[in-house]
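Subject: The model, and what turned up in it

Hi,

Here is the structure I promised to pass on. Have a look at it first, and then read on for my notes.

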Amino acid sequence: MKQILTALFLLMAVNTYAGDIIVKDGESLHEALRQVREWRRTGDPRCEGGITITLQAGRYYMQEPLFLRPEDSGTTVSPTIIRGEQGAVICGDARQQHTQLWPQEGMERMIDFDTTTRTITIPTPPKKILSTLYAKRSTLEMVVHQRWAIAILRVKEMKVDGDKTVVSFMEPESRLEFEHPWPQPVIGGEKGNSSFLMRTTEQRDGIEQLVIIDGANHISLEGLIFENTCWNRPLHKGHVTLQGGMPLLDAYKLKEKEGLPWDSGLENQAWIERPVSAVTIRNAKQVNFRKCHFRNLAATALDYETINEGTIEDCIFEDIGGTAIMAGSFAESPREVHRPYADLAKQCQNLTIKGNTIHDATNEDWGAVAISCGYVRDCTIASNNVSNVNYSGICIGWGWTPYYTGMENNHIIDNKVSGYARQLYDAGGIYTLSNQPKSTIRNNEVSLPYPAPYATNDRGFCIYLDARTDGFTIENNQTECRLIGRDEIGDNHPGPNLIFKQ
């Protein structure tokens, strides 16, 4: 017995000072993190060499997000690692389900879009469909196709007048949809631009966020599965966006003395907020994700808001409702989004997005993208495989400005992009905005745009150098085993310092 007790004591001593915490299915990940925090606070010897929390196989349901604070920070020589054994799932609620009622397949063309009465006139649905729509009016949504974005509008009232039906909408989305000029449907103009569908949402609010890392440094998450989050915003506010899935908080058209000092042709003002994300990193340094799997998430999957040094490597993203990977500021409120800001790029720098697979993102918000970087610098997006997205594939830049804003030294290299622009237009397999000196787009393989059924015209490009793009060297990019031709590169008021080497 004495020998057995001695052996148990020695085993306990090894486990105590190994800096390892094992979490079993049914146990609390929150409690495990609190133990790490106490070890850090007290300078426990178990911190030496780093601390690893290992989740055994199982489903770890999050009733609230796991919140890593500055007190949870590791160091260069003593990082904190949260790793999963095969089958370790951090999860929330199943996503809201939608039932498309009319048309039952595809989209229908609207008849009128009236900015004065803030109504949309549509063909009157069949009587059987109308009775269903009225019966489910409390959860009824209209999804509107509008060039490079969609709008999700909660239906307030439907007035049938023969073969036409006038639809009005809830606030605040009604005001935002009809006051802001870009993007909006165009009636009688470009093909398919005024398409819509009617649907119901079958589930109410659910958990949206699984992990929030705020101010914690030297953290790595490895081998984990992140699954099942909801997106509650459309249920309460609708969803009207500026671009890239960014929801509008306020927006209107300039009616007097159009233009501002930095852009004489500017006609609109807009304030946006950031879409919610399943996993969020902000105010952090050296936070890494490796070999993680993000799936069945209703909004953004992984968001690096503010970071100095981080790596997202060898991860899989599939069945994502919004953007798969988001990074950097997009001049969220209280800033007006169209001003050229010089202080934002340094808030997200030294980020590497490498070797990830992204398939079937943007399936809730068609206007989101696979990889979306706003004001960033020293960012490398390399060797990722992107497929099946409804708008653009890899996007970098924000601000629509020729001015130097600190965005520089960004590199998009050795990526594969296919099946993009599946629903929207004004899109690119690789899409850029604004002046980004010392940046490159090199050795990428990009398919031709998908033949979208509702695209408004041919504004889809393998590489799209959108408003005021400058500072890039573009070389050796291919599509279908040949170099991308100049006619497959779109440019919209490009700057003078673009270099083409192909």
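Below is what was found, going from the whole chain down to single residues.

First, some ground rules. This is a predicted model, in which local features need a pLDDT of at least 70, side-chain atom pairs count only at pLDDT 80 or more, and totals for chains, interfaces and linings use all residues. Residues are numbered from 1 along each chain as its sequence is written, and side-chain values use heavy atoms, with hydrogens and water left out.

**Confidence**

The pLDDT is the predictor's confidence in each residue, from 0 to 100. It averages 93 over the chain, and 95% of the residues score at least 70. Please treat one stretch with care: residues 4-17 have a pLDDT below 50. Beyond near neighbours in sequence, that stretch has four contacts in the model, a contact being heavy atoms within 4.5 Å.

**The chain as a whole**

The chain has 502 residues and a radius of gyration of 24 Å, which agrees with the value near 23 Å for a compact globule of that length. That radius is taken over C-alpha atoms, and the globule rule is 2.2 Å times the number of residues to the power 0.38. Along its principal axes, the C-alpha trace spans about 90 × 60 × 45 Å. Of the 502 residues, 57% count as buried (buried is under 20% relative accessible area, exposed over 50%, and partly exposed in between, with a 1.4 Å probe and protein chains only). Among contacts between residues at least 6 apart in sequence, 77% join residues at least 24 apart.

**Two parallel sheets**

The secondary structure comes to five helices and 44 strands; these are DSSP runs numbered from the N terminus, with helices being H or I of at least four residues and strands E of at least two. Two strands pair if DSSP finds at least two bridges between them.

One open sheet has twelve strands in the order 1-2-5-16-22-25-28-31-34-37-40-44, with parallel pairing. Its edges are strand 1 (20-23) and strand 44 (499-500), each of which pairs on one side only. Helix 2 (residues 29-42) packs on this sheet and touches strand 1, strand 2 (51-55) and strand 5 (80-84). The direction of helix 2 makes about 170 degrees with that of strand 2; axes are lines fitted to C-alpha atoms, for helices over the stretch in contact, and angles run from 0 to 180 degrees between N-to-C directions. Within the sheet, strand 25 (residues 307-313) and strand 28 (residues 348-354) run parallel and are joined by six bridges, with Asn-308 opposite Gln-349.

Another open sheet is made of ten strands in the order 4-15-21-24-27-30-33-36-39-43, also with parallel pairing. Strand 4 (66-68) and strand 43 (489-491) are at its edges with a single partner strand each, so one side of each has no neighbour in the sheet. Ignoring direction, neighbouring strands here are turned by 15 degrees against each other on average. Five bridges join strand 36 (residues 427-432) to strand 39 (residues 460-465), and Gly-428 stands opposite Phe-461.

**Around strand 12**

Strand 12 (residues 149-161) pairs with strand 11 (residues 140-146) in the antiparallel sense over six bridges, and Val-143 stands opposite Ile-152. Two residues lie between the strands of this hairpin, where Arg-147 has a positive phi near 65 degrees. Strand 12 also pairs antiparallel with strand 13 (residues 164-169), again over six bridges, with Val-155 and Phe-169 as bridge partners. In the turn of that hairpin, Gly-162 has a positive phi of about 70 degrees. Two antiparallel bridges link strand 12 to strand 18, where Ile-152 has His-239 as its partner.

Thr-241 is in the loop between strand 18 (239-240) and strand 19 (248-253). Is Thr-241 buried or exposed? At 2% relative accessibility, it counts as buried. Among the residues it touches are Ala-149, Ile-150, Pro-183 and Asp-365.

**Cysteines**

How many disulfides does the search of the whole structure find? It finds zero, a disulfide being a pair of cysteine sulfur atoms within 2.5 Å. For Cys-230, the nearest cysteine sulfur is that of Cys-91, 12 Å away. Cys-230 is buried, with a relative accessible area of 1%. For Cys-395, the nearest is that of Cys-373, at 8.8 Å; Cys-395 is buried too, at 8%.

Best wishes

Note on methods:
Lists of a residue's contacts leave out its neighbours within four places in sequence.
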